[in-house]
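Reader: I would like to go through this protein chain question by question. Could you give the reasoning each time, and end on the value or name I ask for?

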Amino acid sequence: MAPSTSSSSAAPAMAKRLIRFSGSLRRTEAPRRPTPPPSPPPKKLKPMAEVMAKAGFAVLDRGDYSKVSCEQCRSGERPDELLLCDKCDKGFHMKCLRPIVVRVPIGSWLCPKCSGHRRKKIIDFFRIQKSSDKKEKCSSDQDARKRRRRSGSLVLQKKRRRLLPFVPTEDPSRRLKQMGSLASALTALHMEFSDDLTYMPGMAPRSANQAKFENGGMQVLSKEDIETLEQCRAMCKRGECPPLIVVFDSCEGFTVEADGQIKDMTFIAEYTGDVDYIKNREHDDCDSMMTLLLATNPSKSLVICPDKRGNIARFINGINNHTSEGRKKQNCKCVRYSVNGECRVFLVATRDIAKGERLYYDYNGYEHEYPTHHFV
């Protein structure tokens, strides 16, 4: 009986051990190691020429600058006007550079050769539309001849003087120089080129520029003159600008010279810039504001402000209309017209202008309020 008792008592113990064993029985595996990231591809080394082209330049340290001479005139005189290039360390007189540097630049300065890759192309600065199609010019000439034939009326009437389109310089390189002088002047004044009136947020809207608001009415530009205006605008878009060049004078500042013969009644340029209410500019120190609209209600009067945007009209100077010598210099006038119901301002030649002659007009063509006593 003892054996049977011991065997029966041993069975539950074995079952318990089996249960505990079976409860702890698991399938085990070796721990997986994380897969290493793929090795990066070998770096391609840039050629030395490309690295050096993008590398910053270092200023050469000269012990003595007394022997520096101008690269243009080869003279070391007037050292106070010598600019040293921060890249090649060569010297240039401010007045020997083209275009002339008006004032000593703030910060680093590069000579024309070293800064050539940074200059904005003229074609991009003026947003010129490339066109090699000569048919447009031929058709415009034919249209002009047709208009002249149609204009010959048998009925005797008072002959009205019509606007003439400007004649651009034929030499393309000379035209580039003309446009380059304007681009340099605009850049010196931190201005953008604009050949149209601009309406900016916070200023007068375009809806405010209506010729019907003019006190006493405004003369309407004729259909023939509108065609002349559009012809001149089309030429400017092709890069065929008026024969004008911007120069710097120590007394007058930037001024405009004729770079070719200009006939009487020739359209020179439209006065462009930001349009604003005159009430917002009462304390503005911009000396080139132009009256656009003299409304019956003074609060609706408008002015053109070429302080941030403008064209070559911004640099045509005024005369001293208090002296006879000053009045003799006037060779163009400022005229306001209604064009398709909007006010526009044009500069027109009042007599034949010779090449090299500077352009002047009377600032007090309407209000007689602008002080010109100090004008040269």
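Reader: What is the relative accessible area of Leu 189?
Author: This is a predicted model, in which local features need a pLDDT of at least 70 and side-chain atom pairs count only at pLDDT 80 or more, while totals for chains, interfaces and linings use all residues. Residues are numbered from 1 along each chain as its sequence is written, and side-chain values use heavy atoms, with hydrogens and water left out. Leu 189 is found in the loop between α5 and β3 (192–193), where helices (H or I, at least four residues) and strands (E, at least two) are DSSP runs numbered from the N terminus. With buried set at under 20% relative accessible area, exposed at over 50% and partly exposed in between (1.4 Å probe, protein chains only), Leu 189 counts as partly exposed, because its relative accessible area is 28%.

Reader: Which residues does Leu 189 touch, not counting residues up to four places away in sequence?
Author: The C-alpha atoms of Leu 189 and Arg 309 are 10.0 Å apart, although 120 residues separate the two along the chain. Taking contact to mean heavy atoms within 4.5 Å, and leaving aside residues up to four places away in sequence, Leu 189 touches Arg 314 and Phe 315.

Reader: Which residues touch the most other members of the largest nonpolar core?
Author: A nonpolar core is a set of buried Ala, Val, Leu, Ile, Met, Phe, Trp, Tyr and Cys residues joined through side-chain atoms within 4.5 Å. The largest such core has 47 residues, and those touching the most other members are Phe 126 and Ile 268. Helix α5 (residues 172–188) gives the most to this core, with 5 residues. Beyond four places in sequence, the contacts of one of the two residues named, Phe 126, are with Met 179, Leu 182, Ala 183 and Phe 193, so the answer remains Phe 126 and Ile 268.

Reader: How many residues make up the second, separate core?
Author: Among the members of this second core are Leu 163, Phe 267, Val 335 and Val 339. The core is separate, and its number of residues is 13.

Reader: Within what arc do the buried residues of α6 fall?
Author: The 15 residues of helix α6 (residues 223–237) should span 21 Å at 1.5 Å a residue (the expected span being 1.5 Å times one less than the number of residues), and the end C-alpha atoms are 21 Å apart, which agrees. Asp 225, Thr 228, Leu 229, Cys 232, Arg 233 and Met 235 are buried in α6. Seen down the helix axis, with the arc taken from the directions that lead from this axis to the C-beta atoms, these buried residues line one face of α6, because they fall within an arc of 160°.

Reader: Which strands do the buried residues of α6 pack against?
Author: After α6 comes Gly 239, whose phi is positive, near 90°. The buried residues of the helix itself pack against β6 (267–270) and β13 (342–349).

Reader: How many bridges join β12 to β13?
Author: Strand β12 (residues 332–339) is largely enclosed by the rest of the structure, because 7 of its 8 residues are buried. Two strands pair if DSSP finds at least two bridges between them; in this pair, Arg 336 has Val 345 of β13 as its bridge partner. The strands β12 and β13 form a hairpin with 2 residues between them, run antiparallel, and are joined by a number of bridges equal to 8.

Reader: What is the relative accessible area of Asn 340?
Author: Asn 340 lies in the loop between β12 and β13, and has a positive phi of about 55° although it is not a glycine. Asn 340 is exposed, because its relative accessible area is 72%.

Reader: What is the relative accessible area of Phe 254?
Author: Phe 254 is found in strand β5 (residues 253–258), which pairs with β4 (residues 244–249) in the antiparallel sense over 6 bridges. Leu 182 is 72 residues away in sequence and 9.7 Å away in space, C-alpha to C-alpha. Beyond four places in sequence, Phe 254 touches residues including Val 102, Ala 185, Phe 315 and Asn 317. Phe 254 counts as buried, because its relative accessible area is 17%.
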